[in-house]
Amino acid sequence: VEVDQELIDQKVTQVMRQGAMAATPLQKIGETVDAATIAPSFTKTLQGQTAVLGERAKFEAFVSISPDTRVIWLHNGVEIKGDQRYLIQVDKKTGRCVLVITKLEVSDSGEYTLRVVNALGETACTAQLLLQEKQPQLAAGE
């Protein structure tokens, strides 16, 4: 039995347009859905951490990303702009979002939020950064 997929797609589209919904031909097996059609969602959220003053901290999360997705990092509710101390990385292929903070200062402690926004929605996750003093090194034999 030979099946004319194009004819089937046209009939399905025609029937759906006659109803309350308008639609394009059905997705064929093996085709991927455009990532822009879904609202962002996390597959791995941020984890809270404790770091040492003067060292570095790294926050990492994975999220569904589409071409129009905007990634926003916040510290205690204030947007972080990337600079020499704040390195922001976003991999649009894997959805990996990273914030690295170098030369940690007391003012870096607090709440870090990753907001991800596109035309269909937004999502956010938050984690705490706690800081501790560097422990003095004990000399051998002490």
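Which residue in β7 does D91 stand opposite? In this predicted model, where local features need pLDDT of at least 70, side-chain atom pairs count only at pLDDT 80 or more, and totals for chains, interfaces and linings use all residues, the partner is R96. Residues are numbered from 1 along each chain as its sequence is written, and side-chain values use heavy atoms, with hydrogens and water left out.

Stepping back to the whole protein chain, there are 1 helix and 9 strands (helices are DSSP runs of H or I with at least four residues, strands are runs of E with at least two, and both are numbered from the N terminus). The helix comes at the start of the pattern, which reads α-β-β-β-β-β-β-β-β-β along the sequence. The chain has 142 residues, and 28% of them count as buried (buried means under 20% relative accessible area, exposed over 50%, and partly exposed in between, using a 1.4 Å probe and protein chains only). Among contacts (heavy atoms within 4.5 Å) between residues at least 6 apart in sequence, 60% join residues at least 24 apart.

Now for the strands. Strands of a sheet pair through backbone hydrogen bonds, either parallel or antiparallel. Here, two strands pair if DSSP finds at least two bridges between them. An open, antiparallel sheet is built from 4 strands in the order β1-β3-β7-β6. Its edges are β1 (42–44) and β6 (86–91), each of which pairs on one side only. Between β6 and β7 (residues 96–101) there are 6 bridges, in the antiparallel sense. Besides the D91 and R96 pair, V90 has C97 as its bridge partner. The hairpin of these two strands leaves 4 residues between them, and G95 takes a positive phi near 80° there.

Another set of pairings centres on β8 (residues 110–118). Strand β4 (residues 70–75) runs antiparallel to β8 and is joined to it by 6 bridges, with V71 standing opposite V116. Strand β9 (residues 121–132) is also antiparallel to β8, this time through 9 bridges. One of the partnerships here puts L114 with C125. The β8 and β9 hairpin has 2 residues between its strands.

What about the inside? The largest nonpolar core (a set of buried Ala, Val, Leu, Ile, Met, Phe, Trp, Tyr and Cys residues joined through side-chain atoms within 4.5 Å) has 21 residues, and L46, F59, W73, L99, I101, L114 and L129 touch the most other members. Two or more core residues come from each of β3 (57–63), β7, β8 and β9, and β3 gives the most, with 4. Leaving aside residues up to four places away in sequence, the contacts of L99 include F59, W73, I80 and Y112.

Charged side chains add links of their own. A search of the whole structure finds 8 salt bridges (a side-chain nitrogen of Lys or Arg within 4 Å of a carboxyl oxygen of Asp or Glu). R96 turns up again here, meeting E60 at 2.5 Å, N to O. Since R96 lies in β7 and E60 in β3, the pair ties together parts that are 36 residues apart in sequence. R96 is partly exposed, at 26% relative accessible area, and E60 is partly exposed at 22%. A further salt bridge joins R85 and E105, with the closest N and O atoms 3.9 Å apart. R85 sits in the loop between β5 (78–79) and β6, and E105 in the loop between β7 and β8, so this pair ties together parts 20 residues apart in sequence. Salt bridges that share partners also join K44, E60 and R96 into one network.
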